[in-house]
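The following exercises are meant for a reader who meets this structure here. Each task is followed by a solution that proceeds step by step.

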Amino acid sequence: MKIDISDYNTIIKNTWCPGCGNFNIHIALKKALVDLKKHPSEVVFSFDIGCNGNGGDKIEGFRVKGLHGRAIPFAIGAHLANKEMTVIADIGDGGCLHEGIDHLIHAIRSNYNVTVLIHNNQNFALTTGQITSTTQSGKKMYAFPDGKTEGDINIGELVLALNPSFYAKGYSADAIQLTEIIKEGIKHKGFSVIEIVQICPTYNRENSSEVLSSRIRKVQSTNNIDIARKYVLDTKHIYTGVIYQNKEIKDYYSNLKNRKGKKTELVEEVKNYGISNILNKIQ
Amino acid sequence: MKDRFTIKFGGYSGQGINTLGGFLSKALKNSGYFTFAYREYPSVIKGGYASFQIDFASHFISSSTTKTKILACISDESLDKYTQTVTKDGVILHSLKEYTFSKENTEYIKENSIVVKYIDTEALAQECNAPPIMGNIIMLGAVWSLLKLNRKVLEKEVVEYFSKKKGIDIEAEKRCLSAGYQNIKDIKVKGLPEKIKKGWENSKILTGNQAIALGAIAGGCRAYFAYPMTPATSILETLGDTYEETGIIVKQAESEITAIQMAMGSMYMGARAFTATSGGGFDLMTETISCSGMTEIPLVIVLGQRAGSGTGVPTFSGSSDLDAALQAGHGEFPRCVLAASDAIDSYELIQEAFNISETYQIPVILLTEKQISESLFNILELPTPLKIQRGLTSNGIKRYLLTKDGISPRWLPKKGKKTYLSNSDEHDEHGISTEDIEDIKSMAQKRIRKSIKLEKSIPHPKYYGPKDPTIVFVGMGSTKNAVLDAMKVNKKRIGYLHYKYIFPLKEEKILELNKKGTQIVLIENNLVGAFGKLIKEQSGIYIPNTLNKFDGRPFFVDDILEYIKNR
């Protein structure tokens, strides 16, 4: 099956602001899937709610636009049911770090073979610009005329503290590098966290592409967590690339002893089963 | 009560009375009796007071009495609390060296001619060259000796159980059993049920939760996601302990929200999956239930009810979450609520839940209760599995096609199939988000239409009893068991109308009864009467006569008999 980027396009009108980072993120995502020769019907996207979630009708594939904060657990359920499919959770900094931060933490430690794209535009944009834990300190935002009161969450630092198997950081203004990062994330057999520094021209004007681009430093992939930590702790610069990858950690499904050697997926196993052996076992 | 015999073990949590009760249940069953076992225990690991009560009879029973013929206690608190549950001429065995009964209990014992026997299980265990913990087995042997039943039957259960454990001295267990038998020669108990059913040793003893797990396995469930919460937890245990044989993925999720989202993700892909919880966890799941309603992704949730709101009485029973099940989730969408009453129901209704959920693409909530989840039912066998109904098409174009019955084609995400967007935003037939007036109206109506077809397809409530009853109880869940057991004792013209398909509600039978002028009594294991409210809402009939119980305990047979006596 020959696959072209147009296979991933839809006829739905774009509703993102001019200059929104989502345009490039979608281009990179589509290009990555085409490069990996994935047909849209082989891909499941679990979209969160927010500007990123509004991308659910702008890309082909089996897409679910579910609940705010819950893109990750839905994606995991889908993956376990049929691991032959490529499963991608698409979520913003609001949904990922606020409403559903527990899911991110436990998904990293469980290491499901799922890729998560965190669109980090440093605010809740779809509800017209509220602060998130990645909003720049002191910035005045909706209903916070004196600026953000709370501290920040450094996504990289959080992820690296959890013994992840894959953490990468991309930049929406660099779709070429982002394409490569997403490809690596999808290829990685484990939970791939990809944070994307996303331009928001409406609610995060301070961080324009000029400002952000000057801080970008591209790095090579490492399996040395100390080096990776140095990258994420240096907040003056933005290090992009596959920041950390550990191929030694087995993914969740591979650890399931009762699924060893099974040639079928759960979705292929729905039928009536005899239970007499189980009934006798629990007597 | 004449038709049955009751034995209760009392101890503190962690003393092993469940193990003793398990031996006794099986041994009684294997001796040819129908058994039913009920557990009370506190929400602690060590301490408090707990009981394991076994009722047995020569006919089918599935509820308990409040009075017991033999009480065997191995902790002082349980003896304090349970002394007054012993019947006239009953027997109390205990192993508490310097125990003195309270003034009230002493009087009660005297008035009711109860025989009290202290057994020094610790000393006897020592004599048997066994550790003090095996004193429990001495107590078990003593109880069995009172029943004058074949010793080998009980011994077989004990030996079989301990043979599976490592480092247990089986011979010492046998010596302890024997010491228990020897120690009790001087006491006689009367009133053992007479008839003994032949071949009954092949019957099974199952909790409601085990039956749910078995039903799920039989019905093709391939993944289970849950967060522990009494009384749903033991579904996790059963599916976990058998996953090697079944290949089911059993995942303990980090929260109920995660569990239900994972279940929905798996169902979306086409694997049958479900989650189970109790009231508090269910509250956390409600947003996802609404999402299932809107996205039309099938979803199955078991709601194991316990007593109270908040944390409530975590290890006790009740039926006060019907409103939660009926109203969980914002917005308007169709749903189905089912309620199990016993082990066979639990086994069948979980399969029915999957069939309805997939066919109608709606959330289905299966209600159960601690009384059903954790009590031990004695059944001959489980029925053959229900035929799997999924309502799937092999491929399609419009995922949310507007149809006459509201059910749109659903096909599974798979390589080569037409892709689609499953959207929790209001959407058009393709799943694309919309704010269009006509789209919003037609989609809302399409979804609601599904409940009309569902209501037509579900069975009517089942009536038990004579053709021309003077009183008919109407209820759902475990109330059935106590009422049916009471009907076996009291031959008045009592009927019982039992609902297991709760919503949509079939009101025809209620209307019929009302028209005939039969006296109807609503029986509910709660204070406010949510089921009566639902009946009124759906049928227009207000039932003023109610029998409610909301003390954390299920209905006992005596509760029903007492109520009838006064009518």
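**Exercise 1.** Which β-α-β unit do S17(B), helix H17 (residues 479-489) of chain B and S18(B) make?

*Solution.* The model under study is a predicted one.
- Step 1. Strand S17 (residues 471-476) of chain B pairs in the parallel sense with strand S18 (residues 494-499) of chain B, over six bridges.
- Step 2. Within this pairing, B:Gly475 is opposite B:His498 of S18(B).
- Step 3. Together with H17(B), the two strands form a β-α-β unit that is right-handed.

**Exercise 2.** Determine with which further strand S17(B) pairs, and explain why S17(B) is described as largely enclosed.

*Solution.*
- Step 1. Strand S20 (residues 519-524) of chain B is parallel to S17(B), and four bridges link the pair. Here B:Ile471 stands opposite B:Gln519.
- Step 2. A residue counts as buried if 20 or more other C-beta atoms lie within 10 Å of its own C-beta atom.
- Step 3. Of the six residues of S17(B), five are buried, and S17(B) is therefore largely enclosed by the rest of the structure.

**Exercise 3.** Describe the surroundings of strand S11 (residues 299-305) of chain B, beginning with its two faces.

*Solution.*
- Step 1. Seven of the seven residues of S11(B) are buried.
- Step 2. One side carries B:Leu299, B:Ile301, B:Leu303 and B:Gln305, while B:Val300, B:Val302 and B:Gly304 are on the other; both faces are covered.
- Step 3. Strand S10 (residues 272-277) of chain B pairs with S11(B) in the parallel sense over three bridges, and B:Thr277 has B:Leu303 as its bridge partner.
- Step 4. The chain passes from S10(B) to S11(B) by way of helix H12 (residues 279-295) of chain B, in a right-handed β-α-β crossover.
- Step 5. Strand S13 (residues 363-369) of chain B also runs parallel to S11(B), joined to it by seven bridges. B:Leu303 has its bridge partner in S13(B) at B:Leu367.

**Exercise 4.** Compare the span of helix H14 (residues 343-360) of chain B with the expected value, and state how far the helix is enclosed.

*Solution.*
- Step 1. H14(B) has 18 residues, which at 1.5 Å a residue should span 26 Å.
- Step 2. The end C-alpha atoms of H14(B) are 26 Å apart, in agreement with that expectation.
- Step 3. Since 17 of the 18 residues are buried, H14(B) is largely enclosed by the rest of the structure.
- Step 4. After H14(B) comes B:Gln361, with a positive phi near 55°.

**Exercise 5.** Which residues of helix H7 (residues 170-182) of chain B are buried, and what covers them?

*Solution.*
- Step 1. H7(B) comprises 13 residues and reaches 19 Å from its first C-alpha to its last, close to the expected 18 Å.
- Step 2. Its buried residues are B:Glu173, B:Arg175, B:Cys176, B:Leu177, B:Ala179, B:Gly180 and B:Tyr181.
- Step 3. Their cover includes helix H4 (121-127), helix H5 (135-147) and helix H6 (151-163) of chain B.

**Exercise 6.** Which residues have the most contacts inside the largest nonpolar core?

*Solution.*
- Step 1. The largest nonpolar core holds 238 residues, and those with the most contacts inside it are B:Val143, B:Leu338 and B:Leu366.
- Step 2. Beyond its neighbours within four places in sequence, B:Leu338 has contacts that include B:Leu349, B:Val364, B:Leu366 and B:Tyr501.
- Step 3. Another core, of five residues, lies apart from the largest one; among its members are A:Ile49, A:Leu67, B:Cys291 and B:Met294.

**Exercise 7.** How many residues does each chain bring to the contact between chain A and chain B?

*Solution.*
- Step 1. Chain A supplies 48 residues and chain B supplies 55 residues.
- Step 2. On the side of chain A, strand S2 (62-65), helix H2 (71-81), helix H4 (101-110) and helix H9 (276-281) each give at least two residues. H2(A) provides the largest share, eight residues.
- Step 3. By class, this side of chain A has 23 nonpolar, 13 polar and twelve charged residues.
- Step 4. S2(A) pairs in the parallel sense with strand S15 (residues 421-423) of chain B over three bridges, and A:Lys65 has B:Asn423 as its bridge partner.

**Exercise 8.** Is A:Gly151 buried or exposed?

*Solution.*
- Step 1. A:Gly151 is found in the loop between strand S4 (115-120) and helix H5 (155-160) of chain A.
- Step 2. A residue with 12 or fewer other C-beta atoms within 10 Å counts as exposed.
- Step 3. Because A:Gly151 has 8 C-beta neighbours inside 10 Å, A:Gly151 counts as exposed.

Note on methods:
Residues are numbered from 1 along each chain as its sequence is written. Chains are lettered from A and ligands numbered from 1 in the order in which they are written. This is a predicted model: local features need pLDDT of at least 70, side-chain atom pairs count only at pLDDT 80 or more; totals for chains, interfaces and linings use all residues. Two residues are in contact if their C-beta atoms, placed from the backbone, lie within 7 Å. Ala, Val, Leu, Ile, Met, Phe, Trp, Tyr, Cys and Pro count as nonpolar, Asp, Glu, Lys and Arg as charged, and the others, Gly among them, as polar. Two strands pair if DSSP finds at least two bridges between them. A nonpolar core is a set of buried Ala, Val, Leu, Ile, Met, Phe, Trp, Tyr and Cys residues joined through C-beta atoms within 7 Å. The expected span of a helix is 1.5 Å times one less than its number of residues. A crossover is right-handed if, with the strands pointing away from the viewer, the path from the first strand over the helix to the second runs clockwise.
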